[in-house]
Amino acid sequence: MTHVNPAQKQSEKALYGGTGSRRITVRDIAAAKGRAEKWPMLTAYDAMTASVFDQAGIPVLLVGDSMGNCHLGYESTVPVTMDEIALLSAAVVRGTRRALVVGDLPFGSYQEGPVQALRNATRLVKEAGVGAVKLEGGERSAHQIELLVQSGIPVMAHVGLTPQSVNAYGGYPVQGRGEEAAQQLLRDAKAVQDAGAFAVVLELVPAELAAEVTRSLHIPTIGIGAGPDCDGQVLVWTDMAGMTDGRVPRFVKQYAQLRQSLGDAARAFAEDVVGGAYPAEEHSFH
Ligand code: KIV
């Protein structure tokens with residue numbers, strides 16, 4: 001059952017539920033904030049899964065460096081390389097027709113400064129065909145965002161918990177708790193907006209603070225563990241669909257149990273093979 005607000009469904013322009021079929025751009029994302037429209041975003045790391053989400057109408061797909069944990073078997077996002085992001089971003093672009101595809105700049109690909117950020121972001125736009133890039137950090141990444149935007153590359157910012165700093169945090173703690181931390185988060189969000197970011201991810205932030213940031217910015221906020229008042233909501237697809245092995249964060253809602261279903265399918269296939277039930281006559285050529 002879908003729960004699309006009827007006004008949203010009637011609007012050809014609606015990011016989710018609308019009837020437009022051309023590829024979504026950052027201008028469409030900006031316009032949705034003017035209509036107070038809420039919208040979904042998912043991660044994707046391959047063409048086939050991306051095509052499922054694209055056909056389901058998900059307007060924005062992030063080729064996140066969460067591919068480190070979810071797709072490539074690393075322990076965190078830190079080891080992910082530009083080559084890996086570029087390869088998988090190109091696959092996601094090929095698998096989609098409508099979604100805006102955002103390529104994540106991995107750890108070490110923009111921290112040296114704006115010129116390094118521009119070189120790597122340009123690669124994702126030219127080689128992979130992404131429509132925008134994402135990078136982590138508020139005030140500390142403002143110069144990078146400014147140069148990318150001046151160079152014609154749309155930037156999605158990411159503040160609050162920034163997983164590439166896991167070694168500095170010593171884990172994944174909620175951010176923005178307490179007056180001083182909340183003020184810093186507001187400054188970070190304003191800094192990325194002023195630098196020209198078209199949207200900002202708020203990760204693991206108290207709901208009340210995320211609501212305040214959303215009210216005070218003219219660019220959309222995209223929450224992950226940041227309460228219900230953000231303009232958009234993003235989840236890592238393997239968490240959302242029950243594909244992740246083991247515990248998922250408390251903010252995740254699981255909409256399927258794909259890990260169980262896929263395991264069941266693999267076991268059923270194996271039993272048919274060892275029992276001789278597969279292949280049957282209809283699967284054979286003569
Ligand atoms: O890499 C990623 O998937 C992300 C999202 C969790 C926002 O940064």
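Is Glu-37 buried or exposed? In this predicted model, local features were accepted at pLDDT of at least 70 and side-chain atom pairs at pLDDT 80 or more, while totals for chains, interfaces and linings use all residues. Residues are numbered from 1 along each chain as its sequence is written, and side-chain values use heavy atoms, with hydrogens and water left out. Glu-37 is buried, at a relative accessible area of 5%. Here buried means under 20% relative accessible area, exposed means over 50%, and partly exposed lies in between, computed with a 1.4 Å probe on protein chains only.

Glu-37 takes part in a salt bridge with Arg-35, in which the closest N and O atoms are 2.9 Å apart. A salt bridge is defined as a side-chain nitrogen of Lys or Arg within 4 Å of a carboxyl oxygen of Asp or Glu. Its partner Arg-35 is partly exposed, with a relative accessible area of 34%. Eight salt bridges are present in the structure. Another of them joins Asp-264 and Arg-267, with 3.0 Å between the closest N and O atoms. Both residues belong to helix H12 (residues 258–275) and are three residues apart, about one turn of the helix. Helices (H or I, at least four residues) and strands (E, at least two) are DSSP runs numbered from the N terminus. Asp-264 has a relative accessible area of 38% and is partly exposed; Arg-267, at 47%, is also partly exposed. Elsewhere, salt bridges that share partners connect Asp-83, Arg-123 and Glu-127 in one network. Within this network, the side chains of Arg-123 and Glu-127 form a salt bridge of 3.0 Å from N to O. Both residues lie in helix H6 (residues 114–128), four residues apart, about one turn of the helix. Arg-123 is partly exposed at 24% relative accessibility.

The UniProt record lists Asp-65, Asp-104 and Glu-136 under "binding site" in an unreviewed entry. These residues span 72 residues in sequence, yet no two of their C-alpha atoms are more than 10.8 Å apart, so they gather at one spot. UniProt positions follow the numbering used here, feature names are shortened, and annotations may be inferred rather than shown by experiment. Asp-65 occupies the loop between strand E2 (60–63) and helix H4 (67–70) and is buried, with a relative accessible area of 4%. Not counting residues up to four places away in sequence, Asp-65 touches several residues, including Thr-77, Asp-104 and Glu-136. Contact means heavy atoms within 4.5 Å. Glu-136 is in the loop between strand E4 (132–134) and helix H7 (142–150), and is buried at 2% relative accessibility. Leaving aside neighbours within four places in sequence, the contacts of Glu-136 include Asp-65, Tyr-110, His-158 and Gln-164.

Asp-65 and Asp-104 also appear among the residues around the ligand, as do Lys-134, His-158, Val-201 and Ile-224. A residue is near a molecule or strand if one of its heavy atoms lies within 4 Å of it. A polar side-chain atom of Asp-65 is 2.9 Å from an oxygen atom of the ligand. For Asp-104, the distance from a polar side-chain atom to an oxygen atom of the ligand is 3.2 Å, and for Lys-134 it is 3.0 Å. A polar contact is a pair of N or O atoms within 3.5 Å; within protein, one must be able to donate a hydrogen and the other to accept it, and residues adjacent in sequence count only if both atoms are side-chain atoms.

The same record, in an unreviewed entry, places an "active site" at Glu-203. Glu-203 lies in strand E6 (residues 199–203) and is buried, with a relative accessible area of 11%. Among the residues that Glu-203 touches, not counting those up to four places away in sequence, are His-158, Pro-163 and Ile-224.

Two aromatic pairs are found in the structure. The ring centres of Phe-53 and Trp-237 are 5.9 Å apart and the planes stand at 65°, so this pair is edge-to-face. Rings of Phe, Tyr and Trp (its six-membered ring) pair if their centres lie within 6.5 Å; planes under 30 degrees apart count as stacked, over 60 as edge-to-face and the rest as tilted. The pair links distant parts of the chain, with Phe-53 in helix H3 (residues 47–55) and Trp-237 in helix H11 (residues 237–240), 184 residues apart. Phe-53 is buried at 8% relative accessibility, and Trp-237 is buried at 11%.
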